[in-house]
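Colleague: I am new to this structure. Could you walk me through how to read its features?

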Amino acid sequence: MYTILTIIAAVLVVGLLAYLIVNKIPKGIRPIISILLWVLIAFLGYSIYTAIMAPIAFNKEKVKRYSKVIDNLKMIRDAELAHRQVTGVFTDKPGDLIKFIDTAKFAITETKNIVVQEQRGALSIDVEKRVIDTIGFKDVRADFAGRNYANMFDVPGTNAKFDLQTSSVEKVQGISASVFEAKIDKAIVLEGLNKDFIRQEKEALGGVDVRGEFITVGSLEDVKTGGNWPPSYDTAEEKDKDE
């Protein structure tokens, strides 16, 4: 909107000055007015260029900042999923989650079918059963090799921390499921940029944009562990996994 108004204003000003030069200004001072007009045209041209480039520069910087923030949110999600796999629930304690990665182990299991005899009255019959055996353990930390999980709760480029909460929701009647949510206000991530653009960004509805006021992974209201960012922030491997 600002860009359109700038262009309209520039056209009107130049048109008015051209009219004045032709019809109202004495010939003797027309060269001076012409020089001033060229200066004004250069200034207006620069203003229009700036107005056009400002949202482009904002979006470029936004994507750069968001990408780093989303990488950390993905680490938090992966850590929470590992925590639930081992303990059965999510946690809302960042320090405990980092310690969990350093110390916990995944159980490596093997599923097989065996035949056992069961007594049915006077008869002994063979019954096939599926059993799961633990055949070893793997460090959770191995899944985070090369990732700076110790600082995953630091919001990149700021002094802020991600807000982490857990709760439970009733998935079906009588059965509750553990849920978590980690988030950060977009205004904190975009601090120092154009405030009007930040306000518009916080009102984003989705599509190619990160939806809503926060960059979020998980939910306290639904059983989901995805984020509110578009697929453009995911790698090809992550997109295939989601599909």
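Colleague: Which backbone nitrogen does the side chain of serine 178 reach?

Modeller: The backbone nitrogen of phenylalanine 90, at 3.0 Å. Keep in mind that this is a predicted model. Serine 178 itself sits in strand 4, which covers residues 175-185.

Colleague: Is serine 178 buried or exposed?

Modeller: The cut-off for buried is under 20% relative accessible area. Serine 178 has 17% relative accessibility, so it counts as buried.

Colleague: Which residues does serine 178 touch, leaving aside those up to four places away in sequence?

Modeller: Val89, Phe90, Ser167 and Ser168. Phe90 is thus on the contact list, and its backbone nitrogen is the one that the serine 178 side chain reaches.

Colleague: Let us step back. How many helices and strands does the protein chain have?

Modeller: Six helices and five strands. Their order along the sequence is α-α-α-β-β-β-β-α-α-β-α.

Colleague: What share of the residues counts as buried?

Modeller: Of 243 residues in the protein chain, 28%. The accessible surface is about 15900 Å², and carbon and sulfur atoms hold 57% of that.

Colleague: And what share of contacts joins residues at least 24 apart in sequence?

Modeller: Take the contacts between residues at least 6 apart in sequence. Of these, 57% join residues at least 24 apart.

Colleague: Now helices. Why do residues three or four places apart point the same way in an α-helix?

Modeller: Because an α-helix has 3.6 residues a turn. Now try helix 5, residues 195-202. Its buried residues are Phe197, Ile198 and Glu201. Looking down the axis of helix 5, the buried residues fall within an arc of 100°, so they line one face of the helix.

Colleague: What happens at the start of helix 5?

Modeller: Look at asparagine 194. One of its side-chain oxygens comes to within 2.8 Å of the backbone nitrogen of aspartate 196.

Colleague: Next, salt bridges. How many does the structure hold?

Modeller: The count is 14. To read one, find the partners, then see where each lies. Start with arginine 147 and aspartate 78. Their closest N and O atoms are 3.0 Å apart. The pair links distant parts of the chain, with the two positions 69 residues apart in sequence. Arginine 147 is in the loop between strand 2 (123-139) and strand 3 (163-172), while aspartate 78 is in helix 2.

Colleague: How exposed are those two partners?

Modeller: Arginine 147 is partly exposed, at 29% relative accessibility. Aspartate 78 is partly exposed too, at 26%.

Colleague: What does the salt bridge of lysine 105 and aspartate 139 tie together?

Modeller: First the distance: 2.5 Å, N to O. Lysine 105 is in strand 1 (residues 105-120) and aspartate 139 is in strand 2, so the pair ties together parts 34 residues apart in sequence. Lysine 105 is partly exposed at 45% relative accessibility. Aspartate 139 is also partly exposed, at 31%.

Colleague: Which residue meets glutamate 203 in a salt bridge?

Modeller: Arginine 199, at 4.0 Å from N to O. Glutamate 203 is exposed, with a relative accessible area of 52%. Arginine 199 is partly exposed, with 43%. Salt bridges can also share partners. Here that joins Lys62, Lys186, Glu201 and Asp209 into one network. Glu201 has come up before, among the buried residues of helix 5.

Colleague: Now the surface. Which residues make the nonpolar patch of about 530 Å²?

Modeller: Tyr46, Tyr49, Ile52, Met53 and Ile56. Take methionine 53 as one example. Its place is in helix 2, residues 30-87. It is partly exposed, with a relative accessible area of 31%.

Colleague: One last residue. Where does isoleucine 98 lie?

Modeller: In helix 3, residues 94-103. Isoleucine 98 is buried, with a relative accessible area of 18%. Leaving aside residues up to four places away in sequence, isoleucine 98 touches Tyr149, Ala150, Met152 and Phe153.

Colleague: How far apart in space are isoleucine 98 and glutamate 80?

Modeller: They are 10.0 Å apart, C-alpha to C-alpha. In sequence, 18 residues separate their positions.

Conventions: Residues numbered from 1 in each chain as written. Predicted model: local features only at pLDDT ≥ 70, side-chain atom pairs only at ≥ 80, totals over all residues. Heavy atoms only, no water. Buried < 20%, exposed > 50% of the residue type's maximum accessible area, 1.4 Å probe, protein only. Helix = DSSP H or I, 4+ residues; strand = E, 2+ residues; numbered from the N terminus. Arc of directions from axis to C-beta. Polar contact = N/O pair within 3.5 Å; in protein donor to acceptor, adjacent residues only side chain to side chain. Patch = residues over 30% accessible without salt bridge, like charges linked within 9 Å, V, L, I, M, F, W, Y side chains within 5 Å. Areas by Shrake-Rupley, 256 points an atom, 1.4 Å probe, with all protein chains shown as cover. Salt bridge = Lys/Arg side-chain N within 4 Å of Asp/Glu carboxyl O. Contact = heavy atoms within 4.5 Å.
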